[in-house]
Amino acid sequence: MSTRYVEHPFSGVRRRTRVVAVGDVAIGGTHPIRVQSMTTTNTLDTAGTADQVERLVAAGCEIVRITAPGRKEAENLGAIAAELRRRGISTPLVADIHFAPSAAMIAAEHVEKVRINPGNYADKKKFAVLEYSDAEYAEEIERVAERFRPLVRRCKELGRAMRIGTNHGSLSDRIMNRYGDTPAGMVESALEFLDVCEDEGFEDVIFSMKSSNAQVAIQAYRLLAARLAERAAAGRCGGQPFHLGVTEAGDGEDARIKSAIGIGSLLEDGIGDTIRVSLTEDPVKEVPVARALARRYDARFADEEAPERNADETTASRGGQETWLAAVDPYSYRRRAAREIACGGIALGAGREVRVEVDLGPVPADADAAAGELARSLAAQPDVVCEGVGVAASGDPGPLRIEPFAKALSMAGVEAPLVVSVPAAQAASLPACVGRIVVPLSEGIPEGDLSAAARAADALEAPLEWLVCGLDLEGLVDAALAAGAARPAFSVLDARPVPAVRRLDARPVPAVRRLDARPVHAVRRLVARLGEAGSDAPVILRHRSDPTADAESAILAAGTDLGAPLCDGVGDAIVLSGFGDPGRTVATGYRILQGARLRTTWTEFISCPSCGRTLFDLEETTARIKARTGHLDGVKIAIMGCIVNGPGEMADADFGYVGSGPASVNLYVGKELVERNVPTAESDDRLVELIRKHGRWVDPH
Ligand code: SF4
């Protein structure tokens with residue numbers, strides 16, 4: 001593809017879009033990122049649905065979606081809208097339509113936006129394998145277009161907006177047979193519908209490309225951005241805003257992390273105009289999570305300095321951007337090739353699993369107490385293994401405390417290698433027990449100190465991680481490479497602005513270039529510079545939690561800052577710090593790797609957020625099934641509220657538990673329905689039996 005998905009990968013300039021009005025809420029252009037959610041009440045329950053909308057609006061939700069499974073529900077949207085207006089609430093409403101063009105036509109009369117799913121609007125979704133000739137395929141598209149056209153015309157007449165919302169799990173049989181369940185299939189499916197809108201002169205369209213797999217969602221949105229840019233460049237309709245989301249994300253910390261990875265990565269690209277975080281929880285809880293994600297980028301997008309800074313970055317690192325874009329495949333996962341280095345007994349790089357380390361800060365004065373505390377904290381997380389313990393040993397007597405601490409760790413049973421951060425000039429004083437040396441790099445560091453650090457690391461046969469902390473990232477990487485350590489690795493952390501800094505080669509650093517709030521972009525620049533220099537040194541991703549952030553925002557920031565590079569195939573280890581309890585910090589690291597689909601530690605739960613179609617209490621059911629199966633490492637279990645969308649949207653789950661009636665469920669193995677209408681009183685046991693029968697069950701420890 002010749003057109004790029006993003007113009008400025010090092011600065012995240014916001015993708016240019018047209019503005020689409022949804023009632024009196026404008027989406028896209030320079031408007032703030034809008035926060036949405038969806039009701040879970042029965043749409044025929046006017047008062048109950050209005051109550052939930054009212055609660056969502058009070059929490060800060062700007063647009064509310066309500067399911068309209070059939071004509072009766074679509075009709076009742078009018079009553080809900082009237083009730084809300086009576087209560088003084090003018091928040092725009094969106095009708096959620098699957099399989100029912102007639103419901104869409106009715107809903108368009110009552111709400112400000114209609115969401116259709118191109119996978120099932122007028123197309124077949126029966127998991128059938130069919131071969132289409134080109135002529136038959138074109139005929140099918142024409143048939144779908146004819147069914148879709150009346151809705152487009154009515155939305156245009158009434159001034160309604162439309163979301164063409166593709167879901168990875170519910171692509172039509174036709175698209176699946178030609179493209180598979182790929183990002184390309186998702187994009188194609190949406191563009192066929194845009195073609196009809198374009199024919200009718202209707203451009204008030206918003207797109208979504210959701211998946212429960214954050215990697216797939218990122219790739220699909222990027223591909224769509226590139227395809228739309230191509231259309232726009234050819235003078236066609238193509239500047240539509242994007243609604244971001246990771247669907248069926250589940251609940252709790254995992255769901256927040258998965259959403260931060262998917263949504264945050266795209267916002268880092270400058271892609272995204274409205275977001276919904278899907279949680280299998282009370283929908284009101286979705287709003288603060290979405291707000292926290294949006295807040296970070298609203299400030300960035302609205303930064304008045306941005307055009308000047310971005311222009312500077314574009315000029316300063318033009319070559320690097322091209323190297324970055326050539327080095328990563330934005331539309332499918334490809335791990336960056338890195339050489340292997342061994343840190344103590346743990347090897348990283350060379351395609352090995354991404355390692356998880358914790359950084360404790362300054363080396364403890366009371367080695368025995370600190371080691372004991374660390375051992376207890378790690379023991380409380382039996383599912384995960386800490387693969388590196390970081391400490392900082394600057395000044396006096398820092399390095400002298402390393403050996404006693406290493407001994408104390410060993411006595412306490414902590415096997416993880418010791419990763420020691422030390423100023424370059426002190427590297428030579430480190431003892432042989434160090435698994436990896438970390439040397440912070442910033443402007444002004446004497447070149448002689450760099451070579452001395454390289455010699456010290458080589459003498460200990462330890463890897464040397466150059467931690468780039470200065471503004472002149474490219475210059476510092478070059479200087480570190482020139483120092484010539486035998487086992488180099490690189491990381492970037494908090495390159496905060498320093499007044500009047502100068503590059504190593506004495507050229508002034510552009511004053512407007514800042515990396516402090518852009519760790520994702522800094523990692524991209526690092527990888528580009530390593531690529532330009534022909535270096536395959538491993539890249540270590542470091543994240544230090546902001547001590548002023550609340551717990552939820554801290555998790556979201558870690559999810560984005562680590563998850564975005566990981567989904568780009570970058571990162572051989574992740575190092576977390578500042579979260580408090582080290583065991584839980586390590587577990588969070590593993591959760592991020594699982595959310596990015598790079599290292600599976602626990603059962604993966606794919607559960608829908610529930611809606612007016614839901615046939616049981618999804619939150620309670622999910623909690624119950626988690627309690628029974630949460631120890632099954634690597635097994636994917638979907639818990640879905642209805643058989644209308646559930647089977648399609650449970651994506652690549654190994655087993656599915658899908659509501660089929662008020663007190664019954666259907667059980668699936670992959671996409672195959674194997675047990676129908678199982679009474680809910682027996683359903684948990686039957687699911688466990690099914691898992692056992694397929695050889696995936698192990699007894700809990
Ligand atoms: S799968 Fe869940 S969220 Fe999707 S339509 Fe069914 S009940 Fe609603």
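Let me begin with a definition: two strands pair if DSSP finds at least two bridges between them. With that in hand, strand β3, residues 34-38, and β4 pair in the parallel sense, over three bridges, and within that pairing Gln36 stands opposite Ile63 in β4. I should say at once that what we are looking at is a predicted model.

Staying with β4, five of its five residues are buried, so this strand is largely enclosed by the rest of the structure. Ile63, Arg65 and Thr67 point one way from β4, while Val64 and Ile66 point the other way, and all are buried. In general, side chains in a regular strand alternate between the two faces of the sheet.

From there I would move to helix α2, residues 71-86, which has 16 residues and reaches 23 Å from its first C-alpha to its last, close to the 22 Å expected at 1.5 Å a residue. Which residues of α2 are buried? They are Glu73, Ala74, Asn76, Leu77, Ile80, Ala81 and Leu84. As a general matter, an α-helix has 3.6 residues a turn, so residues three or four places apart point the same way. The buried residues of α2 pack against α1 (46-59), β4 (63-67), β5 (93-97) and α3 (101-107), and the helix is followed by Gly88, whose phi is positive, near 80°.

Two other positive phi values deserve a mention, since they belong to residues other than glycine. Ala350, with phi near 50°, lies in the loop between β12 (346-348) and β13 (355-362), and is partly exposed, with 14 other C-beta atoms within 10 Å. Glu461, with phi near 55°, is placed in the loop between α14 (447-460) and β17 (464-468), and this residue is exposed, having 10 other C-beta atoms within 10 Å.

Next, the sheet towards the end of the numbering shown here. Five strands form an open sheet in the order β21-β22-β23-β24-β25, with mixed pairing. β21 (604-607) and β25 (672-679) stand at the edges, each with a single partner strand, so one side of each is left without a neighbour in the sheet. On average, and with direction ignored, neighbouring strands of this sheet are turned by 20° against each other. Strand β24, residues 664-669, is joined to β25 by five bridges, and the two run antiparallel; here Val665 stands opposite Val678 in β25.

Which helices accompany these strands? Helix α19, residues 618-629, lies across β21, β22 (636-640) and β23 (655-661), running at about 160° to β22. Helix α21, residues 680-693, packs on the sheet, touching β23, β24 and β25, and its direction makes about 150° with that of β25. The 14 residues of α21 should span 20 Å at 1.5 Å a residue, and its end C-alpha atoms are 20 Å apart, which agrees. In α21, Ser683, Leu687, Leu690 and Ile691 are buried, and what covers them includes α19, β23, β24 and β25. Just after this helix, Gly695 takes a positive phi of about 70°.

Finally, the ligand. How many residues surround the ligand, and which are the closest? There are 13, and the closest are Cys608, Cys611, Gly641, Cys642 and Asn645. By class, this shell has six nonpolar, five polar and two charged residues.

Conventions: Residues are numbered from 1 along each chain as its sequence is written. Helices (H or I, at least four residues) and strands (E, at least two) are DSSP runs, numbered from the N terminus. A residue is buried if 20 or more other C-beta atoms lie within 10 Å of its own, exposed if 12 or fewer, and partly exposed in between; C-beta atoms are placed from the backbone. A residue is near a molecule or strand if its C-beta atom, placed from the backbone, lies within 6 Å of it. Ala, Val, Leu, Ile, Met, Phe, Trp, Tyr, Cys and Pro count as nonpolar, Asp, Glu, Lys and Arg as charged, and the others, Gly among them, as polar. The expected span of a helix is 1.5 Å times one less than its number of residues. Two residues are in contact if their C-beta atoms, placed from the backbone, lie within 7 Å. Axes are lines fitted to C-alpha atoms, for helices over the stretch in contact, and angles run from 0 to 180 degrees between N-to-C directions.
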